[in-house]
Structures are given as C-alpha cells and as structure tokens.
Amino acid sequence: MSEEAVQEVSTGSLPGWHRVEELVRKAHARNLAHDEGVVASYIPVLAHADPERFGLCVAEADGPVHAVGDSDLEFSVQSISKAFVFALVCQAWGREVVSDRVGVNNTGLAFNSVMALELNDGHPMNPMVNAGALATTALMPGESFAEQWENLRSGLSRFAGRQLELDGEVFRSESATNTRNKAIARLLQSYGHLELDPLGVVDVYTRQCALRVSARDLAVMGATLADGGVNPVTGDQVVSGQVCQDTLAVLASTGMYERSGRWLFEIGLPAKSGVSGGIVAIAPGKGAIGTYSARLDRAGNSVRGQRATAHLSRALGLNVFASSAHVPPRAALSPKRTEHAR
C-alpha cells in the first residue's frame, strides 16, 4: 500500500456536555427493562453475576466522562483485553511484525475454533480470536512470564488511568476450565507459531482476562484509542496514533467475532465484547462507550450493552459510515450546472 501521503485526520466532534449527559441517561433508562439473554456459565464463577446490574459510560476524547447506573461495578475484562494487549504489542514490536506473526483477517469461525488454525496452516489469522490472542500475549515484552504479566497489567492500567487488579476467583475458575486454550496453544507451538512454553502463555493470557474493570474503565480505555493513544483523564501517551489506527481497524473487522459484519452494518463502530458482559465501542476522534450487563445473546454479547450502544451511536452521530448531504437535493445543482448538463 502507498505510504507517500501523510495521514491526515478529520473526525468531527460530539455535541455539548449537557446533550451528551442527557443522551447517556436516556440510553440507560430505556434499556433497564430489557431482560433478554442469559448469564454466561461455561466459566463457573461468571454464572453468579447479578443479571440486573447495568452500567453505561461515555468518555469523551478531550476528557469529560458521563457515567450512569452501575458504571463503577467491577467485573472481569475477559476478551476485551485482547484489543489493548494487541495495541501494547504493536507499540513494542511494530505493525509489520505483529501483522506477520498474528494476522489481521477475520476467520469467519468461532472465537475458540481449532478448525480455523488447521485450515490456515497453523496461522492464528487475527488477534481477537483465542489463537491470535495467545500468539499476541506471547509477544509481550519480558524476560519471564512473571515479567510479561506485570508489563501487561501495568500497560492495561495505563489505558484505564488507574491500577487494575487481578480477580483471583475468576482466574482460578478459568484456569480449571481452559483446556481448549491449552490445546490451541500446543497446536500453535506444533506449527512453529509459538516459541514460548504454551502452558506459561496460557497462564498469562488467563490472568489478563481476569483483570477487574468497570464500564467507566472501558470507556476511558476506549477513549484512549480514540484520541491517538492519549488517556483523556491522565494525559498519559499510552501508545502511538498509528497503533490506535491499526487496533481500531482490526476491531472493526474482527472485534465482535463472527458477528462483526452485522455489528458494523447496524452500529458502525469498532468494538470489542467479553463474556462477563462488557462492551467497549470506539468513535475515532470523539470518544468511547463502555457498558456492562451480564445477560448475553447466543453470540456471547451483552444484550443491554448492544442496545445502549446502538442508541448512542445514532443519537450522538458516532457511526463512522454515516453521512448526510451538504446541501438539500433540490439545490444540489446550481443554474449553471443545470445549463451545462443540458
């Protein structure tokens, strides 16, 4: 691809503070009564989540945060961590290395598919499925697994603007049930795509999924990606603007797994979900939405979270594909243009 032209940026802005605040509260209120979906149970500890809790937050790229409901309730980040670990690894190694080692194409198959690996000669394809996430985690800088874990935890904490902590109960529960991830890691190793001990990689990956976050944290983390890598609350430059661009491109095409196409068609935002009930959706240059509600649809995405995000995407003008005519249709052709057309 040509890199001759300098990347220019033009993204627009959000409405005023009071309007955003009003719309966030409205999106929360209108979805409180929705009780579709079921709480995840394949990780035993997640089955104990309260299905009534619902948090919603919008973090603007220039700092303001709008939070409502259970926006400070903590839950395990799960697969949402994949997006931010990918960004950290791209920052450390560069886009070409990560693209070559992990890939950026959608598999079209389930997030934990073994078939996807076999069909692609052991290549993980993209960092949002488990195989790609394991390969990405293995690239975290560090001389040992303990050092990799600490670098990962501190990196995600910089995205959140506060120190994130491990949920030990979730980690132990997942460690007792993650045999499939261990199998995927061993398969990656057999194809030469994993140089480290596969069980050690799975351990670090399981820890990253068990980090505790809130809907507010997700919004701030997403807004960091929306604002060229600068945390809107702390002002910390976490990653580069190029890394943000690459991460959002991957999320747009693969962030919601095999439902990514439908999500982009309906909502028009790069996003990532987790089976604990969280969703983060990012509007480049504007900010991000963080949601939490434990009831999931069949694809593993929070039902209330999807509905609230869809509402805000439309009401706040966040859909990256939305446009409107600059002039009314009848006035589009000036008299001179009309004469020339004849």
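**Exercise 1. The overall fold**

Task: State how many helices and strands the protein has, and what share of its residues counts as buried.

Solution.
- Step 1. The protein has 14 helices and nine strands. The model is a predicted one.
- Step 2. Of its 342 residues, 50% count as buried.
- Step 3. Take the contacts with a separation of 6 or more. Residues 24 or more positions apart make up 69% of them.

**Exercise 2. A ring pair across the sequence**

Task: Classify the ring pair formed by Phe75 and Tyr292, then work out which parts of the chain the pair ties together.

Solution.
- Step 1. The structure holds two aromatic pairs.
- Step 2. In the pair of Phe75 and Tyr292, the ring centres are 4.3 Å apart and the planes meet at 20 degrees. Planes under 30 degrees apart count as stacked, so this pair is stacked.
- Step 3. Phe75 belongs to strand S4 and Tyr292 to strand S8. The pair therefore ties together parts that are 217 residues apart in sequence.
- Step 4. Check the burial of each partner. Phe75 is buried, at a relative accessible area of 5%. Tyr292 is buried too, at 4%.

**Exercise 3. Gly278 and its surroundings**

Task: Place Gly278 in its element, decide whether Gly278 is buried or exposed, and list what it touches.

Solution.
- Step 1. Gly278 lies in strand S7, which spans residues 278–283.
- Step 2. Its relative accessible area is 0%. Buried means under 20%, so Gly278 is buried.
- Step 3. Leave out residues up to four places away in sequence. Gly278 then touches Phe75, Ile80, Leu218, Lys272, Ser273, Thr291 and Tyr292. Both rings of the stacked pair, Phe75 and Tyr292, are on that list.
- Step 4. Add a distance. Gly278 and Arg304 are 26 residues apart in sequence, and their C-alpha atoms are 10.0 Å apart.

**Exercise 4. The loop between S4 and H2**

Task: Describe Gln78 and Ser79 by location, burial and, for Ser79, contacts.

Solution.
- Step 1. Gln78 is found in the loop between S4 and H2. Ser79 is in the loop between S4 (75–76) and H2 (81–93) as well.
- Step 2. Look at the backbone of Gln78. Its phi is positive, about 55 degrees, although Gln78 is not a glycine.
- Step 3. Gln78 is buried, with a relative accessible area of 3%. Ser79 is buried as well, with 10%.
- Step 4. Set aside the neighbours within four places in sequence. Ser79 contacts Tyr205, Tyr257, Lys272, Ser273 and Gly274. Lys272 and Ser273 also touch Gly278.

**Exercise 5. A cavity and a pocket**

Task: Set out the volume and lining of the second largest cavity, then do so for the largest pocket.

Solution.
- Step 1. The structure holds two cavities of 30 Å³ or more. The second largest has about 40 Å³ of space.
- Step 2. This cavity is lined by Leu14, Val58, Ala59, Ala281, Ile282, Ala283, Gly287, Ala288, Ile289 and Leu318. Strands S2 (55–60), S7 and S8 (287–292) each supply at least two of the lining residues.
- Step 3. Sort that lining by class. Nine residues are nonpolar, one is polar and none is charged.
- Step 4. Turn to the largest pocket, with about 550 Å³ of space. It has 29 lining residues, and those closest to its centre are Val9, Thr11, Leu248, Pro284 and Gly285.
- Step 5. Helices H10 (215–226) and H11 (241–254) are the elements that give two or more residues to this pocket lining. H11 gives the largest share, six residues.
- Step 6. By class, the pocket lining has 16 nonpolar, 10 polar and three charged residues.

**Exercise 6. Two arginines and a covered helix**

Task: Locate Arg259 and the charged end of Arg207, and find which residues of H5 are buried.

Solution.
- Step 1. Arg259 sits in the loop between H11 and helix H12 (260–266). Its relative accessible area is 40%, so Arg259 is partly exposed.
- Step 2. Beyond residues up to four places away in sequence, Arg259 touches Asp297 and Ala299. Its C-alpha is 9.5 Å from that of Asn301, 42 residues apart along the chain.
- Step 3. The charged end of Arg207 sits over the ring of Phe171, 4.4 Å from the ring centre.
- Step 4. Helix H5 covers residues 130–137, and eight of its eight residues are buried. They are Asn130, Ala131, Gly132, Ala133, Leu134, Ala135, Thr136 and Thr137.

Notes: Residues numbered from 1 in each chain as written. Predicted model: local features only at pLDDT ≥ 70, side-chain atom pairs only at ≥ 80, totals over all residues. Heavy atoms only, no water. Helix = DSSP H or I, 4+ residues; strand = E, 2+ residues; numbered from the N terminus. Buried < 20%, exposed > 50% of the residue type's maximum accessible area, 1.4 Å probe, protein only. Contact = heavy atoms within 4.5 Å. 1 Å grid on protein atoms, 1.4 Å probe; cavity = no way out; pocket = protein on both sides within 12 Å on 5 of 7 lines; lining within 4 Å. Points joined across faces, edges and corners; volume = space filled by probe spheres on them. Nonpolar A, V, L, I, M, F, W, Y, C, P; charged D, E, K, R; others polar. Phe/Tyr/Trp six-rings, centres within 6.5 Å; stacked < 30°, edge-to-face > 60°. Lys NZ or Arg CZ within 6 Å of the ring centre and 35° of its normal.
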